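User: Please take one part of this structure and go through it closely, together with whatever surrounds it. I am in my first year, so plain steps would help.

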Amino acid sequence: MTEEEVLWHELEHGVSQQGSSSEGNPFPEIPSARVMSQTGAGPSGRVPEEVDSEGDEAEVDSEETQVLATATAVDSESDLESHPGEGMLLKNPRSSVVTEDIRLWRYLYGIPPSVEIRVPTAHERVDWVVPGWVAIYELMMKDGMRFPIPRLLRDVCDHYEIAPSQLMPNAWRVLMSLESLSVRNGVDCELGEVLFSYYLKEHDKDKGRFKLIARVGRAPVITCLRTNDRGWKDRFIFVRGDLVWGPRGPGGVSGHWNATSQDFNRALPSGLIAEERTRQLLDIAVGERDYRVALSEENLRASRLWDFVEE
């Protein structure tokens, strides 16, 4: 059983968890999301070893699954005109998320009521155009992402005119870790610094998805990234609301998948400033630059990336 399945089993059968407190916990049978953060990044902590899902992923079309998948977490969606986008993905599983997951996710990941959540229908895919909504993977939140979507993640998507869900997991881990490190250590890190050390590269086999690669001859600022991620591509939802993007708004960030026209390998002309700021980041102890440390709960709170987390 997965961690979520265990939690739901305990919730439904009233199994108490030793050491959990009911104070301030809407699910007293479930251990606090803070207690769960023991190893790894984000409150889920124990993310299993995963791969980039380059192998075939089976899609089981059962009548029961279709009924569950068509349920939505918000009302009045019958007039929503969602439609396929540019048809970028060849391996494109439908979402396995069901409405019953959302209540638990709001608790585990501190999602405030002002962020509306829509469970994808049976026919919708992550690269579809769903007007007014943006796709988010659960793995992003397991890794520590909270709303508003982090600044550097937003800025990279804005620059390349892509959707956040087009980034591969290590790309969003690097961007969130850089923001966590820069804020906590008083080092400015903007888009120029990101593109000084890294460049965007389209996935060789999974066209439409993008990796963030360290430039040749430049040391990667963030260390100990995963080499394997598995089973995350069918765990996505659509979200909307002012808090999704925060006071800066989405800018030019696309709510749906695009084939970017930007030059992936071009660094911004920030020159010596970017080089000096990057040197300051590299001067931080290598252990602190481990993405699992940078995205620990304590450091995420200290970096203000969790300012709007619901307790």
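Analyst: Of the 311 residues of this protein, 51% count as buried. The model is a predicted one. The chain forms 11 helices and 5 strands. Among contacts between residues at least 6 apart in sequence, 81% join residues at least 24 apart. The part taken here is helix 5, which covers residues 151–160.

Start with burial. A residue is called buried when its relative accessible area is under 20%. In helix 5, 8 of the 10 residues are buried, so this helix is largely enclosed by the rest of the structure. The buried residues are Leu-152, Leu-153, Arg-154, Asp-155, Val-156, Cys-157, His-159 and Tyr-160. What do these residues pack against? Their partners are helix 6, helix 7, strand 3 (198–202) and helix 8 (242–245).

Next, look at what comes before and after the helix. The loop between helix 4 (138–142) and helix 5 contains Pro-148. The peptide bond joining Phe-147 to Pro-148 is cis, with omega about 0°. Most peptide bonds are trans, and most residues other than glycine have a negative phi. At the other end, helix 5 is followed by Glu-161, whose phi is positive, near 60°. Glu-161 is not a glycine, and its place is in the loop between helix 5 and helix 6. With a relative accessible area of 38%, Glu-161 is partly exposed.

Glu-161 can be set beside Cys-224, another non-glycine residue with a positive phi of about 60°. Cys-224 sits in the loop between strand 4 (210–214) and strand 5 (236–240). Its relative accessible area is 43%, so Cys-224 counts as partly exposed.

Helix 5 also takes part in a pocket. The second largest pocket has a volume of about 370 Å³. Helix 5 and helix 6 each supply at least two residues of its lining. The lining has 17 residues, and those nearest the centre of the pocket are Pro-148, Ile-149, Arg-151, Glu-179 and Arg-304. Pro-148 therefore appears twice in this account: it follows the cis bond from Phe-147, and it is one of the residues nearest the pocket centre. Sorted by class, the lining comes to 9 nonpolar, 2 polar and 6 charged residues.

Now follow the packing partners outwards. Helix 6 (169–185) and helix 7 (191–197) are packed against by the buried residues of helix 9, and these two helices are also among the partners of helix 5. Helix 9 runs over residues 271–282 and has 12 residues. From its first C-alpha to its last it reaches 17 Å, close to the 16 Å expected at 1.5 Å a residue. Which residues of helix 9 are buried? They are Ala-274, Thr-278 and Leu-281. Seen down the helix axis, these buried residues fall within an arc of 55°, so they line one face of helix 9. The face turned away from that buried side carries Leu-272 and Ile-273, both exposed.

Helix 7 and helix 9 also meet in the lining of a cavity, to which each supplies at least two residues. A search of the whole structure finds 1 cavity of 30 Å³ or more, and the space in the largest cavity is about 30 Å³. Helix 7 gives the most to this lining, with 3 residues. Among the lining residues are Thr-278 and Leu-281, which are also buried residues of helix 9. Other residues of the lining include Leu-178, Cys-189, Tyr-198 and Val-221. By class, the cavity lining has 6 nonpolar, 2 polar and 1 charged residues.

One more residue lies elsewhere along the chain. Ala-294 is in helix 10 (residues 291–294) and is buried, with a relative accessible area of 0%. Leaving out residues up to four places away in sequence, Ala-294 touches Ser-177, Ser-180, Arg-184, Glu-288, Asn-299 and Leu-300. Its C-alpha is 8.7 Å from that of Ile-222, although the two are 72 residues apart along the chain.

To return to the starting point: helix 5 is largely enclosed, with 8 of its 10 residues buried, and it supplies at least two residues to the lining of the second largest pocket.

Definitions and conventions
Residues are numbered from 1 along each chain as its sequence is written. This is a predicted model: local features need pLDDT of at least 70, side-chain atom pairs count only at pLDDT 80 or more; totals for chains, interfaces and linings use all residues. Side-chain values use heavy atoms; hydrogens and water are left out. Helices (H or I, at least four residues) and strands (E, at least two) are DSSP runs, numbered from the N terminus. The expected span of a helix is 1.5 Å times one less than its number of residues. Buried means under 20% relative accessible area, exposed over 50%, partly exposed in between (1.4 Å probe, protein chains only). The arc is that of the directions from the helix axis to the C-beta atoms. Contact means heavy atoms within 4.5 Å. On a 1 Å grid over the protein atoms alone, a cavity is a set of points where a 1.4 Å probe fits but cannot get out, and a pocket is an open set with protein on both sides within 12 Å along at least five of seven lines; lining residues have an atom within 4 Å of a point. Grid points are joined across faces, edges and corners, and a volume is the space filled by probe spheres set on the points. Ala, Val, Leu, Ile, Met, Phe, Trp, Tyr, Cys and Pro count as nonpolar, Asp, Glu, Lys and Arg as charged, and the others, Gly among them, as polar.
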